[in-house]
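Please examine the sequence and the model shown below. The paragraphs that follow lead through selected parts of the fold.

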Amino acid sequence: MSKIRLRQKQLLIAGGVGAVAVLFLCTIIGFFYVKHLTTKYTEQRVSVEQELAQTQQILKEDMVKVEFVTRNISSGEIIQESDLDTRLMPRSTVAAETVLTKELIRGKAAKVELPENSAVTSTVIYDDEITSKDLRSQEFRLIELPSKLKKSDYVDVRIKFPSGQDYIVLSKKRVEDLQNGTVWYHMNEKEILNISGAIVDAYIQDATIYALSYVEPGIQEKAITTYPANKAVLDLIDSDPNIVQRATTELERRNRLKLEEAMNSMTPEQKQEYKNKLNTQQTADNQAKSTQSTTQQQSTNDLITETESTPQVDTEMIFNDQNSVGAETP
């Protein structure tokens with residue numbers, strides 16, 4: 001009996017020692033595991049606190065307004081206020097030439113192509129031609145235009161004589177509008193007289209008046225006008241003001257004959273491609289006019305809302321320019 005009790009006692013002692021050893025081992029493992037979790041949590045907390053401190057530092061900095069374009073702007077194209085979107089950015093991340101107001105950007109031309117969502121800086125815009133008192137809108141159908149010419153492109157209008165002599169009549173003129181071979185330019189009195197003389201010269205000498213596009217109008221300098229004033233032509237214009245109209249009609253007739261000859265020599269596929277191109281261009285022009293009309297209407301509504309309590313004053317003035325020596329078409 002005593003032997004059995006002794007054996008049981010030994011088994012209990014051995015079991016107790018084993019249990020203590022296992023408990024001690026689990027305690028050590030648990031200690032290191034908890035320490036690992038604590039260290040990991042501390043590192044994450046420090047990282048979050050650092051990010052929070054950086055964010056608070058940025059928020060404490062001065063915020064400035066930066067203007068971004070809302071669409072792709074072509075080189076030489078005039079930037080309108082509707083093309084701009086104002087965004088707030090920390091001053092430390094913005095260059096000094098980037099801080100421009102809409103008033104300073106509106107009406108300026110882009111030196112280079114501006115992709116959508118790009119910031120507008122003073123280095124990428126320039127002042128367009130100043131509007132003078134004698135500036136008028138003139139349309140022409142007698143000028144041979146580049147096939148890829150688009151609205152807002154810049155061109156030189158030149159005259160080429162059968163002898164090979166070639167002169168610049170109008171320098172760096174922006175295409176204000178373009179529809180089916182008819183082009184519109186803004187011209188002052190001197191330019192109107194210059195093109196009138198060139199039209200009569202082309203009529204008498206069987207010369208060609210054509211346009212050449214600028215590649216980078218925002219960077220390229222304006223060409224120097226080289227067309228010499230022909231005193232005999234100017235005297236003819238003075239003695240017979242209708243000569244300009246007759247010359248214009250004749251040059252338009254010649255261009256029409258060239259167009260018909262070109263059309264007759266085209267295959268049916270080429271004719272269809274040409275018609276599709278005209279339809280696409282007309283659709284784009286209509287969409288642009290619709291967008292412009294919507295923008296103008298919205299601006300008018302905003303203005304009416306802002307001045308609702310003030311009396312309305314009609315300041316609209318209509319100017320009719322009857323320039324006898326202009327190059328207007330019928």
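A suitable starting point in this predicted model is His186, which lies in strand 9, residues 182-187. With a relative accessibility of 31%, His186 counts as partly exposed, because that class covers values between the limits for buried, under 20%, and exposed, over 50%. Arg174 is separated from His186 by 12 residues in sequence, and their C-alpha atoms are 7.6 Å apart in space.

The strand that holds His186 belongs to an open sheet of 3 strands with the order 5-9-8 and antiparallel pairing. Strand 5 (136-140) and strand 8 (177-179) form the edges of this sheet; each has a single partner strand, so one side of each lacks a neighbour in the sheet. On average, neighbouring strands here are turned by 20 degrees against each other, direction ignored. Between strand 5 and strand 9 there are 5 bridges in the antiparallel sense, and His186 in strand 9 is the bridge partner of Ser137. Helix 3 lies across strand 5 and strand 9, at about 135 degrees to strand 9.

A further open sheet of 3 strands has the order 7-6-10, again with antiparallel pairing. Its edges are strand 7 (166-174) and strand 10 (208-213); each has a single partner strand, so one side of each is left without a neighbour in the sheet. The average turn between neighbouring strands of this sheet is 25 degrees, direction ignored. Strand 6 (residues 154-160) runs antiparallel to strand 10 and is joined to it by 6 bridges. Within strand 10, Ala211 stands opposite Val157. Helix 3 (residues 189-205) packs on this sheet as well, touching strand 6, strand 7 and strand 10, and its direction makes about 140 degrees with that of strand 7.

Conventions: Residues numbered from 1 in each chain as written. Predicted model: local features only at pLDDT ≥ 70, side-chain atom pairs only at ≥ 80, totals over all residues. Heavy atoms only, no water. Pairing = 2+ DSSP bridges. Helix = DSSP H or I, 4+ residues; strand = E, 2+ residues; numbered from the N terminus. Axes fitted to C-alpha atoms, helices over the stretch in contact; angles between N-to-C directions. Contact = heavy atoms within 4.5 Å. Buried < 20%, exposed > 50% of the residue type's maximum accessible area, 1.4 Å probe, protein only.
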